[in-house]
Amino acid sequence: MKMLSLSHVAKNFGEKQVLRDVSFSVPEHTVFGFVGQNGAGKTTAMKMILGLLPVNSGEITVDGMPVRYGNTPTNRFIGYLPDVPEFYPYMTPSEYLRFCGEISGMPAKETKSRCEELLRLVGLEKEKHRIKGFSRGMKQRLGVAQALFGRPKLLICDEPTSALDPAGRKELLDILTAAKEETTVLFSTHILSDVEHICDEMAFLHEGKIALKGSLDEVRKLKKASAVTVEMEYPEDTKALRQAFPFLKAAGKNSLLLEEAERLPELLHWIADRRYPVMRIERQEADLEDLFMEVVGK
Amino acid sequence: MNAFLKKEWMEWNRTGRSWILMLVFVLFGIMNPALAKLTPWLMEALSDSLADTGLVTTAVQVDAMTSWAQFYKNIPIGLIIFILIVSGNFTAEYEKGTLIPVITKGLSRWSVLAAKAVFLYGSWTVLYAVCFGITYGYNAYFWDNGIAGNLFFAAAYTWVFGIWTVALLIFFSAVSKSSSQVLLGTGGAALGVYLLSVFPKLDAFLPARLLRGLDLLQRAKSPGDYHANIAAAGLMVLLCMVLSVGCFDRKQL
(Lines give C-alpha, C1' and ligand atoms only; values in the text may rest on other atoms or scores of the structure.)
Protein backbone atom coordinates (compact mmCIF):
# COMPACT_ATOMS: atom_id res chain seq x y z
CA MET A 1 0.00 0.00 0.00
CA LYS A 2 1.39 3.39 -1.00
CA MET A 3 1.14 6.10 1.61
CA LEU A 4 2.32 8.87 -0.65
CA SER A 5 2.70 9.13 -4.36
CA LEU A 6 3.77 11.90 -6.68
CA SER A 7 3.26 11.50 -10.40
CA HIS A 8 4.80 13.83 -12.96
CA VAL A 9 4.77 16.77 -10.60
CA ALA A 10 6.13 20.01 -11.99
CA LYS A 11 6.49 23.40 -10.39
CA ASN A 12 7.85 26.71 -11.49
CA PHE A 13 8.14 30.05 -9.73
CA GLY A 14 7.69 32.48 -12.60
CA GLU A 15 10.44 31.72 -15.10
CA LYS A 16 12.32 29.48 -12.74
CA GLN A 17 11.54 25.80 -13.20
CA VAL A 18 12.09 24.21 -9.80
CA LEU A 19 10.61 20.77 -10.36
CA ARG A 20 10.38 19.38 -13.90
CA ASP A 21 8.98 15.91 -13.63
CA VAL A 22 9.01 14.33 -10.21
CA SER A 23 7.50 10.89 -9.69
CA PHE A 24 8.02 8.60 -6.74
CA SER A 25 6.00 6.78 -4.17
CA VAL A 26 6.50 5.93 -0.55
CA PRO A 27 5.23 2.55 0.70
CA GLU A 28 3.64 2.25 4.14
CA HIS A 29 5.90 1.83 7.17
CA THR A 30 9.12 2.83 5.50
CA VAL A 31 11.58 5.57 6.22
CA PHE A 32 12.05 7.36 2.96
CA GLY A 33 15.04 9.64 2.41
CA PHE A 34 14.57 12.54 0.07
CA VAL A 35 18.03 13.68 -0.88
CA GLY A 36 19.23 16.63 -2.87
CA GLN A 37 21.53 19.61 -2.81
CA ASN A 38 20.53 22.83 -1.16
CA GLY A 39 18.04 24.49 -3.45
CA ALA A 40 17.20 21.30 -5.32
CA GLY A 41 13.50 21.75 -4.57
CA LYS A 42 13.05 19.38 -1.62
CA THR A 43 11.19 21.91 0.51
CA THR A 44 9.07 22.95 -2.47
CA ALA A 45 8.06 19.35 -3.10
CA MET A 46 7.20 18.86 0.57
CA LYS A 47 5.13 22.02 0.69
CA MET A 48 3.17 20.80 -2.30
CA ILE A 49 2.45 17.51 -0.54
CA LEU A 50 1.05 19.60 2.32
CA GLY A 51 -1.07 21.73 0.00
CA LEU A 52 0.90 24.83 0.98
CA LEU A 53 1.97 25.45 -2.60
CA PRO A 54 0.00 24.81 -5.79
CA VAL A 55 1.38 22.31 -8.33
CA ASN A 56 1.69 23.42 -11.95
CA SER A 57 1.05 19.95 -13.29
CA GLY A 58 0.95 16.35 -12.08
CA GLU A 59 -0.81 14.78 -9.15
CA ILE A 60 -0.03 14.07 -5.52
CA THR A 61 -1.97 11.60 -3.42
CA VAL A 62 -1.72 10.86 0.29
CA ASP A 63 -3.20 7.55 1.42
CA GLY A 64 -5.02 7.39 -1.91
CA MET A 65 -6.61 10.82 -1.59
CA PRO A 66 -5.62 13.66 -3.91
CA VAL A 67 -3.96 16.71 -2.36
CA ARG A 68 -5.63 20.04 -3.07
CA TYR A 69 -3.93 23.41 -2.72
CA GLY A 70 -5.19 25.50 0.18
CA ASN A 71 -7.56 23.52 2.34
CA THR A 72 -6.55 19.95 1.87
CA PRO A 73 -8.29 17.21 3.87
CA THR A 74 -5.19 15.02 3.44
CA ASN A 75 -3.40 17.12 6.05
CA ARG A 76 -5.41 15.24 8.68
CA PHE A 77 -3.14 12.24 8.08
CA ILE A 78 0.10 14.18 8.07
CA GLY A 79 2.49 15.38 10.71
CA TYR A 80 4.90 18.02 9.49
CA LEU A 81 8.17 19.28 10.87
CA PRO A 82 9.24 22.41 8.96
CA ASP A 83 12.93 23.15 8.40
CA VAL A 84 12.78 26.09 10.80
CA PRO A 85 9.78 25.37 13.01
CA GLU A 86 8.10 28.43 14.53
CA PHE A 87 5.66 28.30 17.42
CA TYR A 88 3.75 30.81 19.48
CA PRO A 89 6.48 32.29 21.68
CA TYR A 90 4.15 33.08 24.58
CA MET A 91 3.24 29.45 25.19
CA THR A 92 5.14 26.79 27.10
CA PRO A 93 5.87 23.50 25.31
CA SER A 94 3.10 21.67 27.11
CA GLU A 95 0.61 24.45 26.37
CA TYR A 96 1.56 24.30 22.72
CA LEU A 97 1.08 20.56 22.54
CA ARG A 98 -2.27 20.85 24.30
CA PHE A 99 -3.22 23.43 21.69
CA CYS A 100 -2.20 20.93 18.98
CA GLY A 101 -4.45 18.33 20.55
CA GLU A 102 -7.35 20.76 20.70
CA ILE A 103 -7.11 21.86 17.08
CA SER A 104 -7.00 18.28 15.90
CA GLY A 105 -10.06 17.46 17.99
CA MET A 106 -8.39 14.97 20.32
CA PRO A 107 -10.26 14.23 23.57
CA ALA A 108 -8.85 16.17 26.55
CA LYS A 109 -7.74 13.09 28.47
CA GLU A 110 -5.84 11.63 25.54
CA THR A 111 -4.32 15.03 24.79
CA LYS A 112 -2.92 15.19 28.31
CA SER A 113 -1.32 11.76 28.24
CA ARG A 114 -0.01 12.17 24.70
CA CYS A 115 1.46 15.52 25.70
CA GLU A 116 3.40 14.01 28.62
CA GLU A 117 4.51 11.06 26.55
CA LEU A 118 5.89 13.19 23.72
CA LEU A 119 7.59 15.75 25.94
CA ARG A 120 9.38 12.86 27.59
CA LEU A 121 10.31 11.43 24.19
CA VAL A 122 11.94 14.66 23.02
CA GLY A 123 13.42 15.50 26.41
CA LEU A 124 11.44 18.65 27.14
CA GLU A 125 9.38 17.30 30.04
CA LYS A 126 11.09 19.55 32.59
CA GLU A 127 10.91 22.66 30.45
CA LYS A 128 8.46 25.06 32.06
CA HIS A 129 9.62 28.21 30.31
CA ARG A 130 7.92 29.82 27.38
CA ILE A 131 9.05 28.99 23.85
CA LYS A 132 10.33 32.58 23.47
CA GLY A 133 13.80 31.77 24.80
CA PHE A 134 14.24 28.42 23.06
CA SER A 135 17.29 27.59 20.98
CA ARG A 136 16.85 26.22 17.49
CA GLY A 137 17.62 22.73 18.70
CA MET A 138 14.93 22.94 21.38
CA LYS A 139 12.42 24.21 18.85
CA GLN A 140 13.38 21.30 16.64
CA ARG A 141 12.59 18.89 19.47
CA LEU A 142 9.27 20.51 20.11
CA GLY A 143 8.73 20.39 16.36
CA VAL A 144 9.17 16.62 16.40
CA ALA A 145 6.72 16.33 19.29
CA GLN A 146 4.05 18.39 17.57
CA ALA A 147 4.53 16.55 14.28
CA LEU A 148 4.03 13.17 15.96
CA PHE A 149 1.21 14.42 18.17
CA GLY A 150 -1.83 13.32 16.21
CA ARG A 151 -0.31 9.88 15.42
CA PRO A 152 -0.05 10.79 11.74
CA LYS A 153 -0.04 8.16 9.00
CA LEU A 154 2.65 10.12 7.23
CA LEU A 155 5.39 12.09 8.95
CA ILE A 156 7.14 14.68 6.82
CA CYS A 157 10.36 16.19 8.15
CA ASP A 158 12.23 18.89 6.33
CA GLU A 159 15.95 18.58 7.11
CA PRO A 160 15.24 17.57 10.69
CA THR A 161 18.85 17.03 11.70
CA SER A 162 20.50 20.10 10.27
CA ALA A 163 20.14 22.27 13.38
CA LEU A 164 21.13 19.64 15.90
CA ASP A 165 24.35 18.76 17.65
CA PRO A 166 25.72 15.22 17.16
CA ALA A 167 23.95 13.85 20.25
CA GLY A 168 20.68 15.48 19.31
CA ARG A 169 21.02 14.17 15.79
CA LYS A 170 21.50 10.64 16.98
CA GLU A 171 18.45 10.94 19.25
CA LEU A 172 16.34 12.34 16.44
CA LEU A 173 17.34 9.57 14.06
CA ASP A 174 16.41 7.05 16.76
CA ILE A 175 13.04 8.72 17.16
CA LEU A 176 12.40 8.55 13.42
CA THR A 177 13.43 4.91 13.27
CA ALA A 178 11.12 4.11 16.18
CA ALA A 179 8.32 6.05 14.53
CA LYS A 180 8.45 3.65 11.58
CA GLU A 181 6.40 1.14 13.60
CA GLU A 182 3.45 3.48 13.71
CA THR A 183 3.85 5.69 10.71
CA THR A 184 5.55 6.29 7.39
CA VAL A 185 8.39 8.78 7.38
CA LEU A 186 9.48 11.02 4.54
CA PHE A 187 12.45 13.13 5.40
CA SER A 188 14.64 15.38 3.36
CA THR A 189 18.30 15.86 3.96
CA HIS A 190 21.60 16.56 2.36
CA ILE A 191 23.43 14.63 5.06
CA LEU A 192 24.03 11.27 3.44
CA SER A 193 25.15 9.43 6.52
CA ASP A 194 21.68 10.02 7.99
CA VAL A 195 20.18 8.30 4.98
CA GLU A 196 22.56 5.39 5.31
CA HIS A 197 21.69 5.02 8.98
CA ILE A 198 17.94 4.93 8.91
CA CYS A 199 16.39 4.86 5.44
CA ASP A 200 14.77 1.92 3.73
CA GLU A 201 14.25 3.74 0.48
CA MET A 202 15.44 6.94 -1.04
CA ALA A 203 15.19 9.27 -3.97
CA PHE A 204 17.78 11.71 -5.24
CA LEU A 205 16.37 14.95 -6.49
CA HIS A 206 18.57 16.76 -8.96
CA GLU A 207 17.80 19.56 -11.38
CA GLY A 208 14.10 19.20 -10.85
CA LYS A 209 14.02 15.49 -11.56
CA ILE A 210 14.40 12.29 -9.61
CA ALA A 211 17.87 11.26 -10.69
CA LEU A 212 17.90 8.00 -8.73
CA LYS A 213 15.46 6.10 -6.59
CA GLY A 214 14.97 2.73 -4.97
CA SER A 215 15.86 0.83 -1.83
CA LEU A 216 19.19 1.59 -0.27
CA ASP A 217 20.71 -1.65 -1.61
CA GLU A 218 19.37 -1.09 -5.08
CA VAL A 219 20.80 2.37 -5.17
CA ARG A 220 24.16 1.16 -3.95
CA LYS A 221 24.25 -1.48 -6.68
CA LEU A 222 23.74 1.17 -9.32
CA LYS A 223 27.12 2.52 -8.52
CA LYS A 224 29.75 1.34 -10.98
CA ALA A 225 32.44 -1.00 -9.62
CA SER A 226 34.50 1.01 -7.19
CA ALA A 227 37.89 2.40 -7.97
CA VAL A 228 41.06 0.71 -6.71
CA THR A 229 44.15 2.36 -5.31
CA VAL A 230 47.49 0.69 -5.89
CA GLU A 231 50.53 1.78 -3.90
CA MET A 232 53.96 0.58 -4.95
CA GLU A 233 57.07 0.45 -2.82
CA TYR A 234 59.50 2.14 -5.23
CA PRO A 235 59.01 5.23 -7.37
CA GLU A 236 60.64 3.62 -10.43
CA ASP A 237 58.17 0.74 -10.30
CA THR A 238 55.33 3.22 -10.09
CA LYS A 239 56.70 4.97 -13.14
CA ALA A 240 57.01 1.75 -15.10
CA LEU A 241 53.49 0.73 -14.15
CA ARG A 242 52.14 4.02 -15.31
CA GLN A 243 53.92 3.73 -18.64
CA ALA A 244 52.46 0.28 -19.21
CA PHE A 245 48.95 1.34 -18.21
CA PRO A 246 48.52 4.96 -19.27
CA PHE A 247 44.93 5.14 -17.96
CA LEU A 248 46.13 4.99 -14.34
CA LYS A 249 45.93 8.26 -12.47
CA ALA A 250 48.41 9.55 -9.98
CA ALA A 251 46.93 9.61 -6.48
CA GLY A 252 49.76 10.71 -4.22
CA LYS A 253 53.31 9.52 -3.67
CA ASN A 254 53.78 6.10 -5.30
CA SER A 255 50.01 5.69 -5.43
CA LEU A 256 47.95 5.13 -8.55
CA LEU A 257 44.21 5.13 -8.98
CA LEU A 258 42.52 2.58 -11.21
CA GLU A 259 39.03 3.72 -12.03
CA GLU A 260 38.07 0.79 -14.26
CA ALA A 261 38.14 -1.86 -11.56
CA GLU A 262 37.49 -4.66 -14.09
CA ARG A 263 41.04 -4.28 -15.38
CA LEU A 264 42.54 -5.05 -11.99
CA PRO A 265 43.47 -8.70 -12.79
CA GLU A 266 45.39 -7.55 -15.85
CA LEU A 267 47.28 -5.11 -13.71
CA LEU A 268 48.03 -7.65 -10.99
CA HIS A 269 49.25 -10.10 -13.57
CA TRP A 270 51.66 -7.56 -14.94
CA ILE A 271 53.02 -6.72 -11.47
CA ALA A 272 53.31 -10.39 -10.50
CA ASP A 273 55.29 -11.20 -13.65
CA ARG A 274 57.82 -8.56 -12.73
CA ARG A 275 57.76 -9.33 -9.00
CA TYR A 276 57.47 -5.67 -8.10
CA PRO A 277 56.95 -5.11 -4.37
CA VAL A 278 53.50 -3.72 -3.56
CA MET A 279 52.67 -1.70 -0.43
CA ARG A 280 48.92 -1.72 -0.67
CA ILE A 281 46.02 -2.49 -2.94
CA GLU A 282 42.76 -1.05 -1.71
CA ARG A 283 39.28 -1.06 -3.08
CA GLN A 284 37.50 2.19 -2.35
CA GLU A 285 34.25 1.84 -0.45
CA ALA A 286 31.21 2.76 -2.57
CA ASP A 287 29.29 5.20 -0.46
CA LEU A 288 26.38 7.47 -1.11
CA GLU A 289 28.71 10.41 -1.09
CA ASP A 290 30.34 9.20 -4.31
CA LEU A 291 27.00 8.37 -5.74
CA PHE A 292 25.73 11.79 -4.89
CA MET A 293 28.71 13.40 -6.53
CA GLU A 294 28.24 11.20 -9.57
CA VAL A 295 24.58 12.17 -9.80
CA VAL A 296 25.20 15.88 -9.48
CA GLY A 297 28.08 15.56 -11.91
CA LYS A 298 30.91 16.91 -9.83
CA MET B 1 -12.29 26.98 16.02
CA ASN B 2 -12.72 27.11 19.81
CA ALA B 3 -9.14 26.03 20.31
CA PHE B 4 -7.95 28.80 18.05
CA LEU B 5 -10.13 31.33 19.84
CA LYS B 6 -8.53 30.26 23.10
CA LYS B 7 -5.13 30.69 21.54
CA GLU B 8 -6.04 34.23 20.40
CA TRP B 9 -7.19 35.07 23.92
CA MET B 10 -3.94 33.77 25.37
CA GLU B 11 -1.96 35.73 22.76
CA TRP B 12 -3.78 38.97 23.51
CA ASN B 13 -3.26 38.61 27.22
CA ARG B 14 0.31 37.40 27.26
CA THR B 15 1.57 39.89 24.72
CA GLY B 16 -0.12 42.67 26.69
CA ARG B 17 -2.20 43.73 23.72
CA SER B 18 -5.51 43.41 25.55
CA TRP B 19 -4.24 45.41 28.53
CA ILE B 20 -2.96 48.27 26.42
CA LEU B 21 -6.18 48.52 24.47
CA MET B 22 -8.30 48.28 27.59
CA LEU B 23 -6.25 51.04 29.20
CA VAL B 24 -6.63 53.29 26.15
CA PHE B 25 -10.40 52.85 25.94
CA VAL B 26 -10.90 53.24 29.69
CA LEU B 27 -8.82 56.42 29.62
CA PHE B 28 -10.87 57.76 26.73
CA GLY B 29 -14.03 56.88 28.60
CA ILE B 30 -12.90 58.87 31.64
CA MET B 31 -11.40 61.69 29.64
CA ASN B 32 -14.63 62.68 27.91
CA PRO B 33 -16.55 63.74 31.05
CA ALA B 34 -13.35 64.88 32.75
CA LEU B 35 -12.58 67.34 29.97
CA ALA B 36 -16.15 68.60 30.06
CA LYS B 37 -15.92 69.00 33.81
CA LEU B 38 -12.63 70.84 33.54
CA THR B 39 -13.72 73.22 30.80
CA PRO B 40 -15.15 75.99 33.06
CA TRP B 41 -12.15 75.79 35.33
CA LEU B 42 -9.78 75.94 32.36
CA MET B 43 -11.65 78.90 30.95
CA GLU B 44 -11.46 80.69 34.24
CA ALA B 45 -7.76 80.07 34.56
CA LEU B 46 -7.22 81.32 31.08
CA SER B 47 -9.65 84.23 31.25
CA ASP B 48 -7.04 86.78 32.34
CA SER B 49 -4.67 86.01 29.50
CA LEU B 50 -7.60 85.80 27.12
CA ALA B 51 -8.80 89.19 28.31
CA ASP B 52 -5.39 90.61 27.41
CA THR B 53 -5.90 89.48 23.83
CA GLY B 54 -9.29 91.12 23.80
CA LEU B 55 -11.39 87.99 24.25
CA VAL B 56 -13.96 88.20 26.97
CA THR B 57 -15.02 84.97 28.59
CA THR B 58 -18.41 84.60 30.12
CA ALA B 59 -19.68 81.77 32.31
CA VAL B 60 -19.41 78.52 30.38
CA GLN B 61 -22.34 76.15 30.56
CA VAL B 62 -21.31 72.48 30.49
CA ASP B 63 -23.63 69.52 30.48
CA ALA B 64 -23.78 65.92 29.27
CA MET B 65 -23.76 67.18 25.71
CA THR B 66 -20.28 68.67 26.13
CA SER B 67 -19.04 65.30 27.30
CA TRP B 68 -20.79 63.43 24.44
CA ALA B 69 -19.26 65.87 21.97
CA GLN B 70 -15.86 64.85 23.39
CA PHE B 71 -16.84 61.19 23.04
CA TYR B 72 -17.57 61.51 19.33
CA LYS B 73 -14.38 63.50 18.85
CA ASN B 74 -12.24 60.90 20.62
CA ILE B 75 -13.71 57.62 19.47
CA PRO B 76 -12.20 57.83 15.94
CA ILE B 77 -8.79 58.20 17.60
CA GLY B 78 -9.58 55.14 19.72
CA LEU B 79 -10.50 53.25 16.57
CA ILE B 80 -7.24 54.27 14.88
CA ILE B 81 -5.23 53.05 17.89
CA PHE B 82 -7.19 49.80 17.84
CA ILE B 83 -6.46 49.27 14.13
CA LEU B 84 -2.77 50.12 14.62
CA ILE B 85 -2.39 47.61 17.41
CA VAL B 86 -4.25 44.75 15.72
CA SER B 87 -2.92 45.33 12.20
CA GLY B 88 -0.33 42.60 12.64
CA ASN B 89 -2.79 40.05 13.96
CA PHE B 90 -2.68 38.00 10.74
CA THR B 91 0.52 39.14 9.11
CA ALA B 92 2.78 38.39 12.09
CA GLU B 93 1.68 34.78 11.73
CA TYR B 94 2.46 34.75 8.00
CA GLU B 95 5.85 36.32 8.55
CA LYS B 96 6.88 33.92 11.29
CA GLY B 97 5.23 30.85 9.81
CA THR B 98 3.35 30.02 12.99
CA LEU B 99 0.24 29.08 11.04
CA ILE B 100 2.06 26.32 9.16
CA PRO B 101 1.98 23.73 11.97
CA VAL B 102 -1.66 24.64 12.58
CA ILE B 103 -2.80 24.31 8.96
CA THR B 104 -0.77 21.17 8.37
CA LYS B 105 -2.56 19.54 11.30
CA GLY B 106 -5.70 19.75 9.25
CA LEU B 107 -7.38 22.72 10.92
CA SER B 108 -9.33 24.35 8.11
CA ARG B 109 -8.26 27.79 7.04
CA TRP B 110 -11.85 28.83 7.41
CA SER B 111 -11.69 28.12 11.15
CA VAL B 112 -8.54 30.20 11.54
CA LEU B 113 -10.09 33.14 9.72
CA ALA B 114 -13.40 32.82 11.56
CA ALA B 115 -11.71 32.67 14.97
CA LYS B 116 -9.61 35.72 14.24
CA ALA B 117 -12.59 37.63 12.83
CA VAL B 118 -14.81 36.78 15.80
CA PHE B 119 -12.06 37.87 18.12
CA LEU B 120 -11.46 41.18 16.37
CA TYR B 121 -15.16 42.05 16.09
CA GLY B 122 -15.64 40.96 19.70
CA SER B 123 -12.78 42.99 21.08
CA TRP B 124 -13.86 46.14 19.22
CA THR B 125 -17.35 45.65 20.62
CA VAL B 126 -16.16 45.14 24.19
CA LEU B 127 -13.69 48.02 24.12
CA TYR B 128 -16.23 50.34 22.58
CA ALA B 129 -18.86 49.32 25.11
CA VAL B 130 -16.43 49.95 27.96
CA CYS B 131 -15.60 53.42 26.69
CA PHE B 132 -19.24 54.26 26.09
CA GLY B 133 -20.31 52.79 29.42
CA ILE B 134 -17.79 54.82 31.39
CA THR B 135 -18.73 58.07 29.68
CA TYR B 136 -22.41 57.26 30.12
CA GLY B 137 -21.96 56.54 33.81
CA TYR B 138 -20.05 59.73 34.56
CA ASN B 139 -22.46 61.80 32.51
CA ALA B 140 -25.42 60.39 34.38
CA TYR B 141 -23.67 61.13 37.68
CA PHE B 142 -22.59 64.70 36.91
CA TRP B 143 -25.37 65.83 34.63
CA ASP B 144 -28.33 64.27 32.87
CA ASN B 145 -28.07 62.08 29.78
CA GLY B 146 -31.67 62.94 28.92
CA ILE B 147 -30.47 66.06 27.18
CA ALA B 148 -28.98 63.98 24.40
CA GLY B 149 -31.43 62.59 21.88
CA ASN B 150 -31.16 59.18 20.19
CA LEU B 151 -28.26 58.38 22.49
CA PHE B 152 -28.19 54.64 21.82
CA PHE B 153 -28.84 54.92 18.11
CA ALA B 154 -25.90 57.30 17.74
CA ALA B 155 -23.69 54.96 19.75
CA ALA B 156 -24.77 51.92 17.75
CA TYR B 157 -24.09 53.67 14.45
CA THR B 158 -20.56 54.58 15.45
CA TRP B 159 -20.07 50.99 16.56
CA VAL B 160 -21.19 49.85 13.08
CA PHE B 161 -18.56 52.14 11.58
CA GLY B 162 -15.94 50.38 13.72
CA ILE B 163 -17.21 46.98 12.57
CA TRP B 164 -16.95 48.16 8.98
CA THR B 165 -13.33 49.23 9.53
CA VAL B 166 -12.48 45.91 11.19
CA ALA B 167 -14.00 44.09 8.19
CA LEU B 168 -11.70 46.09 5.91
CA LEU B 169 -8.78 45.19 8.15
CA ILE B 170 -9.66 41.49 7.93
CA PHE B 171 -9.96 41.64 4.17
CA PHE B 172 -6.62 43.40 3.76
CA SER B 173 -5.06 40.97 6.24
CA ALA B 174 -6.23 38.06 4.11
CA VAL B 175 -4.66 39.47 0.95
CA SER B 176 -1.51 41.23 2.19
CA LYS B 177 1.82 39.93 3.36
CA SER B 178 2.84 42.58 5.88
CA SER B 179 1.16 44.74 8.48
CA SER B 180 2.19 47.92 6.66
CA GLN B 181 0.24 46.74 3.62
CA VAL B 182 -2.74 46.04 5.88
CA LEU B 183 -2.52 49.52 7.40
CA LEU B 184 -2.11 51.14 4.02
CA GLY B 185 -5.09 49.27 2.61
CA THR B 186 -7.39 49.79 5.57
CA GLY B 187 -6.34 53.38 6.11
CA GLY B 188 -6.52 54.16 2.42
CA ALA B 189 -9.98 52.68 2.02
CA ALA B 190 -11.32 54.41 5.14
CA LEU B 191 -9.77 57.73 4.15
CA GLY B 192 -11.11 57.36 0.61
CA VAL B 193 -14.63 56.81 1.90
CA TYR B 194 -14.21 59.73 4.27
CA LEU B 195 -13.10 62.04 1.45
CA LEU B 196 -15.85 60.86 -0.89
CA SER B 197 -18.44 61.68 1.72
CA VAL B 198 -17.66 65.37 1.16
CA PHE B 199 -20.13 65.05 -1.70
CA PRO B 200 -23.61 65.16 -0.20
CA LYS B 201 -25.01 62.69 -2.75
CA LEU B 202 -22.42 60.07 -1.82
CA ASP B 203 -22.57 60.94 1.86
CA ALA B 204 -26.16 59.77 1.92
CA PHE B 205 -25.03 56.14 1.77
CA LEU B 206 -21.34 56.02 2.69
CA PRO B 207 -20.42 54.56 6.11
CA ALA B 208 -18.41 57.67 7.05
CA ARG B 209 -21.64 59.44 7.95
CA LEU B 210 -22.21 56.94 10.77
CA LEU B 211 -19.40 58.59 12.72
CA ARG B 212 -21.27 61.86 13.06
CA GLY B 213 -23.30 60.83 16.08
CA LEU B 214 -23.55 64.38 17.34
CA ASP B 215 -26.14 65.21 14.67
CA LEU B 216 -28.36 62.55 16.19
CA LEU B 217 -27.77 63.70 19.75
CA GLN B 218 -28.70 67.25 18.83
CA ARG B 219 -31.78 65.88 17.07
CA ALA B 220 -30.65 67.49 13.82
CA LYS B 221 -31.15 64.07 12.23
CA SER B 222 -33.37 61.14 13.06
CA PRO B 223 -32.17 57.51 13.20
CA GLY B 224 -34.17 56.69 10.07
CA ASP B 225 -31.98 59.03 8.00
CA TYR B 226 -29.13 56.54 8.27
CA HIS B 227 -30.77 53.43 6.83
CA ALA B 228 -28.88 53.66 3.54
CA ASN B 229 -25.56 54.09 5.35
CA ILE B 230 -26.23 51.11 7.61
CA ALA B 231 -27.26 48.96 4.65
CA ALA B 232 -24.17 49.98 2.67
CA ALA B 233 -21.88 49.28 5.64
CA GLY B 234 -23.55 45.91 6.20
CA LEU B 235 -23.16 44.93 2.56
CA MET B 236 -19.53 45.94 2.55
CA VAL B 237 -18.85 43.96 5.71
CA LEU B 238 -20.46 40.92 4.12
CA LEU B 239 -18.50 41.40 0.90
CA CYS B 240 -15.25 41.81 2.82
CA MET B 241 -15.89 38.58 4.71
CA VAL B 242 -16.79 36.58 1.60
CA LEU B 243 -13.71 37.87 -0.23
CA SER B 244 -11.53 37.23 2.82
CA VAL B 245 -12.60 33.59 3.03
CA GLY B 246 -11.92 33.14 -0.68
CA CYS B 247 -8.52 34.82 -0.59
CA PHE B 248 -7.40 33.23 2.66
CA ASP B 249 -8.17 29.76 1.28
CA ARG B 250 -5.83 30.36 -1.64
CA LYS B 251 -3.21 32.26 0.29
CA GLN B 252 0.37 31.11 0.19
CA LEU B 253 1.46 30.77 3.79
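Leaving aside neighbours within four places in sequence, which residues is Val185(A) in contact with? Exercise 1 answers this.

This is a predicted model, in which local features need pLDDT of at least 70, side-chain atom pairs count only at pLDDT 80 or more, and totals for chains, interfaces and linings use all residues. Residues are numbered from 1 along each chain as its sequence is written, while chains are lettered from A and ligands numbered from 1 in the order in which they are written.

**Exercise 1. List the contacts of Val185(A), then place this residue in a core.**

Step 1. Take the rule: two residues are in contact if their C-beta atoms, placed from the backbone, lie within 7 Å.
Step 2. Apply it. Val185(A) touches Val31(A), Phe32(A), Leu155(A), Cys157(A), Leu176(A), Ala179(A) and Lys180(A).
Step 3. Define the core. A nonpolar core is a set of buried Ala, Val, Leu, Ile, Met, Phe, Trp, Tyr and Cys residues joined through C-beta atoms within 7 Å. Buried means that 20 or more other C-beta atoms lie within 10 Å of the residue's own.
Step 4. Find the core. The largest one has 123 residues, and Val185(A) is among those with the most contacts inside it, as are Ile49(A) and Ala167(B). Helix 7 (residues 151-175) of chain B gives the most, 14 residues.
Step 5. Look for another. A second, separate core has six residues, including Val230(A) and Leu258(A).

**Exercise 2. Work out the order of the open sheet of four strands in chain A.**

Step 1. Recall the terms. Strands are DSSP runs (E, at least two residues) and helices are runs of H or I (at least four), numbered from the N terminus. Two strands pair if DSSP finds at least two bridges between them.
Step 2. Read the order: 12-13-11-14, with antiparallel pairing.
Step 3. Find the edges. Strand 12 (249-250) and strand 14 (278-283) of chain A each pair on one side only.
Step 4. Check one pair. Strand 11 (residues 228-232) and strand 13 (residues 255-258) of chain A are joined by four bridges. Here Val230(A) stands opposite Leu256(A).

**Exercise 3. Describe the side of chain A that touches chain B.**

Step 1. Count. 23 residues of chain A are in contact with 24 residues of chain B.
Step 2. Name the main supplier. Helix 2 of chain A gives the largest share, four residues.
Step 3. Sort by class. There are 14 nonpolar, six polar and three charged residues. Ala, Val, Leu, Ile, Met, Phe, Trp, Tyr, Cys and Pro count as nonpolar, Asp, Glu, Lys and Arg as charged, and the others as polar.
Step 4. Note the scores. The model has ipTM 0.84 and pTM 0.83.

Technical notes. Buried ≥ 20, exposed ≤ 12 C-beta atoms within 10 Å, placed from the backbone.
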